[in-house]
Amino acid sequence: MIDVQQTADGDPLEFTVRVTGGGGGTRHHVTMSRDTAGSLGADRHDPARIIEAAFRFLLDREPKESIMGRFDVTVISRYFPEFEGTLPDYLG
């Protein structure tokens, strides 16, 4: 299960994400600039939904324990270049 809570509404937006399942859980602090949110679909989706979709994308590629504890959402594309092109599938 992925639980996303927006913790700050400035720029960048800030989120706490808890991922549970498989007998354990992880906690992550994620930031996302308003510009990035816009380019990832914030005009159609709540920013927290974008973060949740990003975590579903990540969890399809690595275990929750391998996801960094603190990061900006733009870092995902450095490790997974297909992220931005695939994200709409996770939002749909």
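**Close-up views**

**View A. Strand E3 beside strand E4.** Strand E3, which covers residues 24-32, pairs with E4 in the parallel sense, and 3 bridges join the two. Across this pairing, Thr31 stands opposite Asp72 of E4. This view, like the others, is taken from a predicted model.

**View B. The sheet as a whole and the helix on it.** The sheet is open, has 4 strands in the order E1-E2-E3-E4, and its pairing is mixed. Its edges are strand E1 (2-8) and strand E4 (70-72), each of which pairs on one side only. From one strand to the next, the twist averages 25 degrees. Helix H2, residues 47-59, packs on this sheet and touches E1, strand E2 (13-21), E3 and E4. The direction of H2 makes about 45 degrees with that of E2.

**View C. The hairpin of E2 and E3.** Strands E2 and E3 run antiparallel and are joined by 9 bridges. One pair in this ladder is Arg18 with its bridge partner Arg27 in E3. The two strands form a hairpin with 2 residues between them. Gly22, in the turn, has a positive phi of about 65 degrees. In a regular strand, side chains alternate between the two faces of the sheet.

**View D. Thr26 in strand E3.** Thr26 belongs to strand E3. Its relative accessible area is 16%, so Thr26 counts as buried, the cut-off being under 20%. The side chain of Thr26 makes a polar contact of 2.7 Å with the side chain of His28. When neighbours within four places in sequence are left aside, Thr26 is in contact with Val17, Arg18, Val19, Lys64 and Glu65.

**View E. Val30 in strand E3.** Val30 also has its place in strand E3. With a relative accessible area of 1%, Val30 is buried. Not counting residues up to four places away in sequence, Val30 touches Leu13, Glu14, Phe15, Val17, Ile51, Phe55, Phe71 and Val73. The C-alpha atoms of Val30 and Pro12 are separated by 9.6 Å, the two residues being 18 residues apart along the chain.

**View F. Pro12 and the cis peptide bond.** Pro12 is found in the loop between E1 and E2. The peptide bond that joins Asp11 and Pro12 is cis, with omega at about 20 degrees.

**View G. Thr7 in strand E1.** Thr7 is part of strand E1. Is Thr7 buried or exposed? Its relative accessibility is 48%, so Thr7 counts as partly exposed; buried would need under 20% and exposed over 50%. Thr7 touches Glu14, Phe15 and Thr16, apart from residues up to four places away in sequence. Thr7 and Thr86 are 79 residues apart along the chain, and their C-alpha atoms are separated by 26 Å.

**View H. Helix H2 against helix H4.** Helices H2 and H4 pack at an angle of about 110 degrees, and their axes are 9 Å apart. This angle makes H2 roughly perpendicular to H4, because that class runs from 65 to 115 degrees. Helix H2 contributes Arg49, Ile50, Ala53, Ala54, Arg56 and Phe57 to the contact. From H4, the contact residues are Phe83, Thr86, Leu87, Tyr90 and Leu91. Sorted by kind, the residues of the contact of H2 with H4 are 8 nonpolar, 1 polar and 2 charged.

**View I. Thr86 in helix H4.** Thr86 lies in helix H4, which covers residues 83-91. Its relative accessible area is 17%, so Thr86 is buried; the limit is under 20%. What does the side chain of Thr86 reach at 2.8 Å? The partner is the backbone oxygen of Glu82. Leaving aside neighbours within four places in sequence, Thr86 is in contact with Phe57 and Arg61. Phe57 is one of the residues that H2 brings to the contact with H4, and Thr86 is one of those on the H4 side.

Conventions. Residues numbered from 1 in each chain as written. Predicted model: local features only at pLDDT ≥ 70, side-chain atom pairs only at ≥ 80, totals over all residues. Heavy atoms only, no water. Pairing = 2+ DSSP bridges. Axes fitted to C-alpha atoms, helices over the stretch in contact; angles between N-to-C directions. Contact = heavy atoms within 4.5 Å. Buried < 20%, exposed > 50% of the residue type's maximum accessible area, 1.4 Å probe, protein only. Polar contact = N/O pair within 3.5 Å; in protein donor to acceptor, adjacent residues only side chain to side chain. Parallel < 35°, antiparallel > 145°, perpendicular 65-115°, else oblique. Nonpolar A, V, L, I, M, F, W, Y, C, P; charged D, E, K, R; others polar.
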